[in-house]
Amino acid sequence: TLRPGESNYRLLAEVPGEWLDGWVRGYRGEEDGYPAFWYDPDGPRQDVKVFHSPDLPKIWAHLDWFEGRNWPRRIVRVELADGRTVQANLYQRVGQPGPKEP
C-alpha cells in the first residue's frame, strides 16, 4: 500500500527516490481489509514495485511504527526488471496465508 496510487503512498510521496519494477516469490492475500503478502522463496513469482532511496533509513522507524507489529519488515530477495537481484525490505503479514493465491 506504499507504492504510487495506493492508500498509504502519502508516507513516501515526499521522499526522493525512484520506483523500480521487479518480482518476488510468495503469496498475496488479504488480512484486516488490506492487501497482504507472505514471502516464500519457493512460492509463485509476484510483481512488485521497489522504492530505492538513500533517505529510507531516516524513516524506517516511522514506517515500522505505522505498519505495526502484525506487519514486520524483513529483507527479501527481489529480481529487478533490468536483470539485477537486490535485497529489499518488505512488510510481511505475520502468520500464514489463507488459501494460496498465485
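Reader: Why is Glu 79 called buried?

Author: In this predicted model, Glu 79 has a relative accessible area of 18%. Buried means under 20%, so Glu 79 is buried.

Reader: What makes the pair Glu 79 and Arg 77 a salt bridge?

Author: The closest N and O atoms of Glu 79 and Arg 77 are 2.7 Å apart. The cut-off is within 4 Å, so the pair counts as a salt bridge.

Reader: Why is Arg 77 called partly exposed?

Author: The relative accessibility of Arg 77 is 43%. Partly exposed lies between under 20% and over 50%, so Arg 77 is counted there.

Reader: What makes Arg 73 and Asp 64 a salt bridge, and why do both count as partly exposed?

Author: Their side chains meet at 2.8 Å, N to O, and the limit is within 4 Å. Arg 73 has 31% relative accessibility and Asp 64 has 28%. Neither value is under 20% or over 50%, so both residues are partly exposed.

Reader: How do you know that Arg 84 is partly exposed, and what does Arg 84 pair with?

Author: Arg 84 has a relative accessible area of 45%, and exposed would need over 50%. The side chain of Arg 84 meets that of Asp 82 in a salt bridge of 2.8 Å, N to O.

Reader: How many salt bridges does the structure hold?

Author: The structure holds eight.

Reader: How do you know that the radius of gyration agrees with a compact globule?

Author: For 102 residues the globule rule gives a value near 13 Å. The chain has 13 Å, so the two agree.

Conventions:
Residues numbered from 1 in each chain as written. Predicted model: local features only at pLDDT ≥ 70, side-chain atom pairs only at ≥ 80, totals over all residues. Heavy atoms only, no water. Rg over C-alpha atoms; globule rule 2.2 N^0.38 Å. Buried < 20%, exposed > 50% of the residue type's maximum accessible area, 1.4 Å probe, protein only.
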